[in-house]
Structures are given as structure tokens and as C-alpha cells.
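Student: Please take one loop of this model and look at its backbone closely. Then go on from there to the other parts that deserve a careful look, ending with the enclosed spaces.

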Amino acid sequence: MMSTVRLTMAQALTRYLVAQMTEIGGERLPIFGGVWAIFGHGNVAGLGEALWHERDRLPTFRAHNEQAMAHAAIAYAKANMRRRFMAATTSIGPGATNLVTAAALAHVNRLPVLLLPGDVFANRIPDPVLQQVEAFGDGTVSANDCFRPVSRYFDRITRPEQIIPALTRAMQVLTDPAECGPVTLALCQDVQAEAYDYPESFFSERLWTPRRSRADRTELKAAAEALKAAKKPLIVAGGGVLYSGASDELARFSAATGIPVCETQGGKSALPDDNTLNMAAVGVTGTGAANRLAAEADLVLAVGTRLQDFTTGSWALFGAAQKTIIGLNVQPFDAGKHRALPLVADAREGLVELAETIGGWKAPESWTNNAKSGKADWQKEAGKATAASNASLPSDAQVIGAVQRTLGSDVILLHAAGGLPGELHKLWQAGAPGTYHAEYGFCMGYEIAGGLGAKMARPDKEVVVMVGDGSYLMLNSEIATSVMLGLKLTIVLLDNRGFGCINRLQNATGGQSFNNLLKDSRYETLPEIDFVQHAASMGAIAVKAASIAELETALAQAKANTRTTVVVIDTDPLISTGAGGAWWDVAVPEVSDREQVRTARANYDERRKRQTIGN
């Protein structure tokens, strides 16, 4: 006879999470690093009580904002290369819908997070319950249906026994290299508290290890033949290289074949910056070295990248009339983009098999040497942009140079929104895999919460968050959480008094500066925000640097501090690095009474002619 244990649904859920394990470096670890929770009437009595019982085996962390706590959970998974992850629970209503942005972020970037929002009563007796969103024509809808398009798997638990298949499916998705992304289990609040006789076997410890799929023989042969026919091959390394742990194999493959490598935002640090064949960033925010090669390449080996428009220059960057794309990706959806030859496989295994299949083939030496020469030229340009300056309002690039000189490449550098992603992608000299942590798929507001999650995953590393004033003002509450948890961050806050990046884009497309910088917005009194006092009020050490020299001194002190430190510096909103970069398709009005817009539209029409439609 089957042995059972009587538990509430919430108790069964938490006990199950505790039993899920992974193995990293030969060490067996809980796959869930904990649960972020903000309690309300929709989860405090059911799931809250269950989490209290498991608090020693499944830590619960309190945050100040639901979106931010999910961002922290997502960053934790990213910093752990998707091998460990976290859950986040909220009440019904605004707590739940605050998670939707974070769910979209995880969905875009293929990152695992388990979202557990409270939901309506399954029995419907108290309808409408407090904060219930009623659909006049559908009694089955709740606000949590918003999660459906941004979840890899969605379920609503309306009976306690439904958690058994739902959790099994959730773990399959969270640990699958191809399907990986957010899972939402909407927990009806009455069902959280209902009991059921669960089979004890459901709570047996289970080990989850990464699946490493190998290439189809036919696809492998086609990819190898295409590669051996190439005269100007280029590798584009995406985040899948890091998640697969394929950095060493990529370095060996590049060295053996002489093929230069460039990196997406998600793939940066796949190779260290000092690798002679690493051309660094590619695309809209790319280096001159990488983009010059991309424009000429007759074959692009896209490894672990979803080939979004910033990587491809809106499909105007890869300019060779006759070119082949090989999509080496664990996800068939990504592998076949733009008529690529699909090579569906784990990045590490795919590179090993491709190397074996092409034998001792090498790219033409002239192409390899051309790449190395271009990198040397780019390094000179980058050095000029990041050099120290006495300017009263330094550029973002000059601030980046100060951070790099003072703290080096061994820190985890984290950023997300505004002008910083473009400048850091080009200019930051990344070290070991995972030391460059970018969120550029669904970005604003991620930085500080993301830094907290990265620090939880890598407490041995210095985590440096670079953030603009616009994104800081959107979501900064987890400074207080970092202080409360004793998780030290160094936050460099660049204040250009508004959305400087979008202001520059507005100007570049012929628009007048409007509603981006504070001074160009409607106001009665122009705000003078004291970020130092604001950060200090949340418990951080906070200082203002008046120059690049003072910034370097403050950063050196921040490294020695044991508490989160915020260093504020004023920057110029109009300056960005002119070298490098590629065109980006941002539609310009066809009709305007302003000459600047008409000129921008003419340039836009000309650039669109370079797009390779459909491939």
C-alpha cells in the first residue's frame, strides 16, 4: 500500500522544493537557493506558514518591491549559469502583477525563476475577493492570466493534488536548456490551505543535471561542409556559451581554426578580453574590430545566441552578398532563424563535434591576421575614450575607465539600461566567464536588485553595479535589502539628470530634445535630487565624487568597505563613444515640417536598403 503524508498544498509545495538538488563541481546542492516573499492576504496564511516550517532548509528573503525581488532571483540564476535558481511569491493583486515585468525579463533571456503569485478563491464563495480583477464575460479569468504570454509554463492550482503534476512539469521546464524560462504557478489562496494525502515518494530527493544534446549527423555534416568552404568565417558567441560552460571549448576551437570571435551582450566574457582572437562586442554597441569583420564575413557561426537586432544591426551588419549562417543552438527556434543552417546541440558538445568533423581545417591566415590587426587598432581607440580626464562633466566612457583601472576585471560588473550597456559592451575589458553581467533584453530597473541576486550567487566576488539616475529612480529599494542581508555591493551612479541615452537617440532621429532630460520636460521646479542622502537613508555608505580622480579614490575605499557603497558622479548626457557601433532600425517619420526629421528620414531610407530581408 502506498505510504502517504497529509499536508496542505502549500506545505507539500515547500517540502518538494527542498528535495530538488543539483550538482556543481562535484558538490551536491539544493537547486533552489531560497524564496523571495512579500506577504499579503493571498499568501501569508497558506504559503507563509509553510515557508516558516522550512525556513532552515529553504531560506525566505524579504524584499521591498515585488518586481525587484524577482529581478534578484533572476540574477541569481544568471550568475549561477542557470544551474541554481530561486522562487518568488506575492499576494493576489498588485503584488502579483508587479511580477509580470520580471517574468518577461526572464522569458526574453531564457532564465529560470519560479513565480508563485496568490490567486482568487477556487471555491468562489467570497467573490469578488479583495483585489480580484473581474472579467465581466469570463468567470475563470484572474489578473494572473497576464503571466501566460511571459511564462514558459503556466498553471493555476485549483485543487491540492494538482500540485503534483504541476511541480514535476515546472522542474522539467526550469532545468531544460531549450525550454528554460519562467514558470508561473498561480496558487488559489483557499487551496494553499487545503490538505491532501500526498505520496511520500513525491518528496524523495531528486538530482537534476544539465542535458547535453548532441548534433544530428546530417546537420553536423552540412555545417562542417559550409565552414570548410568559408574564406572569412566569424563566430558570434551568445549567452548560451556561458550557460553551457563552453568557454574553454570555444577558446580551443577559435585557436585551432583561427576564426575570430565576437560577443553579444549576453555572451560577453565568454572569452577573456585579452584573448587575441576575441574581437569583443558585436552589433549596434559593437567594437570597430568586430563590426568590420561582421560586414565582410562569408560565414557566421552563431553559437548560443538568439540573434536579436542589436547583435545583427537590424540585419544590416552582416553585409556579404553571399553568406551562410550556422545556428548552433540548443533551441531549434533560435537555431533556424534567418534561414540559418540549424545545428541543434548543446554549445559545448556542438563545438567539440564540429571540431572533430572539420579535422585540421583552418581559416585563411590572412583573415586571422587581419582580425588581430583590427583588434590592436580598436584597443587604441578604446583607450582614448576611457582615458582619465579633468572634465567637469566626464563621459560614461571615462567613468568606465576609472572603474576598470581601480577595480580591475575580476569583479562581477553588472548593468542594464540607458547608455551604459552600449559603452560597457564596447569598452569593458571582461575577465573570467560570468564576470560581465548584462540585462539588455527587458532592462530598466534591474541593476540594483540584479546586483543583489548576483552577490547572493557569488558571495566571494566583488559585485559592481553601474546605473544611471533614470534607472536608479525607477527601482532602488533593494539597497536597503542588501544592507539588511549584509550583502555588500559597490554601486556607481552616473547622474546625467534624465534619460540621456534616449535623448541622444531622439536627436539622432531628427527629433528635438523633449521629455527625456529633466530640463527638457514640463516642470514648475527643476528637481535637484540628492542621491547621496537618498542612498544613505537606506543604510548605504554614500559619497559624491566631483571628478574622475575623486571617483577612483572613492572606488578604492568602496572596495575596502564592508557595507553597500554608493558613489555618485555627475556626467555629460550628450557624449557617447563615436568609434565602433552599427546602425539600428528606429523608424523615423515619413512626413514632418522639420528639416532635421526629413534629413534623418532620408538617411533612414538609405540605410534600410542594406538590410538583408529574410536572411
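Tutor: Start with Arg124, which sits in the loop between β7 and β8. The model is a predicted one, and the angles below are computed from it. β7 covers 113-119 and β8 covers 153-157. Within this loop, Arg124 has a positive phi of about 65 degrees, although the residue is not a glycine. Its relative accessibility is 43%, so Arg124 counts as partly exposed, because that class lies between the 20% and 50% limits.

The loop between β7 and β8 also holds Pro128. The peptide bond that leads from Asp127 into Pro128 is cis, and its omega is near -10 degrees. The loop therefore carries both a positive phi, at Arg124, and a cis peptide bond, at Asp127 to Pro128.

A second non-glycine residue with positive phi is Trp315, at near 60 degrees. Trp315 belongs to another loop, the one between α12 and β16 (324-329). The surroundings of the two residues differ in class: Trp315 has a relative accessible area of 9%, so it is buried, whereas Arg124 is partly exposed. The cut-off behind the word buried is under 20%.

The two elements that flank the loop of Trp315 lead on to the spaces. α12 (309-312) is one of the elements that supply at least two residues each to the lining of the largest pocket. The others are α17 (420-427), α19 (469-474), α21 (500-508) and α24 (595-608). The pocket itself holds about 1200 Å³ of space. Its lining counts 45 residues, and those closest to the centre are Val284, Phe310, Cys501, Leu505 and Trp584. α21 makes the largest contribution to this lining, with 6 residues. Sorted by class, the lining has 20 nonpolar, 18 polar and 7 charged residues.

α17 appears again in the second largest pocket, where it supplies at least two lining residues, as do β14 (278-281), α15 (365-386) and α16 (396-407). The volume here is about 230 Å³. Of its 18 lining residues, Asp273, Gln379, Ala382, Leu427 and Gln429 lie nearest the centre. α15 gives the most to this lining, again with a count of 6 residues. The classes are 6 nonpolar, 7 polar and 5 charged.

β16, on the other side of the Trp315 loop, leads to a closed space instead. Together with α6 (163-175) and α9 (239-244), β16 is among the elements that each supply at least two residues of the lining of the largest cavity. The whole structure has 4 cavities of 30 Å³ or more, and the largest of them has a volume of about 740 Å³. It is lined by 46 residues, with Arg82, Arg110, Gly239, Gly240 and Tyr243 closest to its centre. α9 provides the largest share of this lining, 4 residues. By class there are 17 nonpolar, 18 polar and 11 charged residues around the cavity.

Definitions and conventions:
Residues are numbered from 1 along each chain as its sequence is written. This is a predicted model: local features need pLDDT of at least 70, side-chain atom pairs count only at pLDDT 80 or more; totals for chains, interfaces and linings use all residues. Side-chain values use heavy atoms; hydrogens and water are left out. On a 1 Å grid over the protein atoms alone, a cavity is a set of points where a 1.4 Å probe fits but cannot get out, and a pocket is an open set with protein on both sides within 12 Å along at least five of seven lines; lining residues have an atom within 4 Å of a point. Grid points are joined across faces, edges and corners, and a volume is the space filled by probe spheres set on the points. Ala, Val, Leu, Ile, Met, Phe, Trp, Tyr, Cys and Pro count as nonpolar, Asp, Glu, Lys and Arg as charged, and the others, Gly among them, as polar. Buried means under 20% relative accessible area, exposed over 50%, partly exposed in between (1.4 Å probe, protein chains only).
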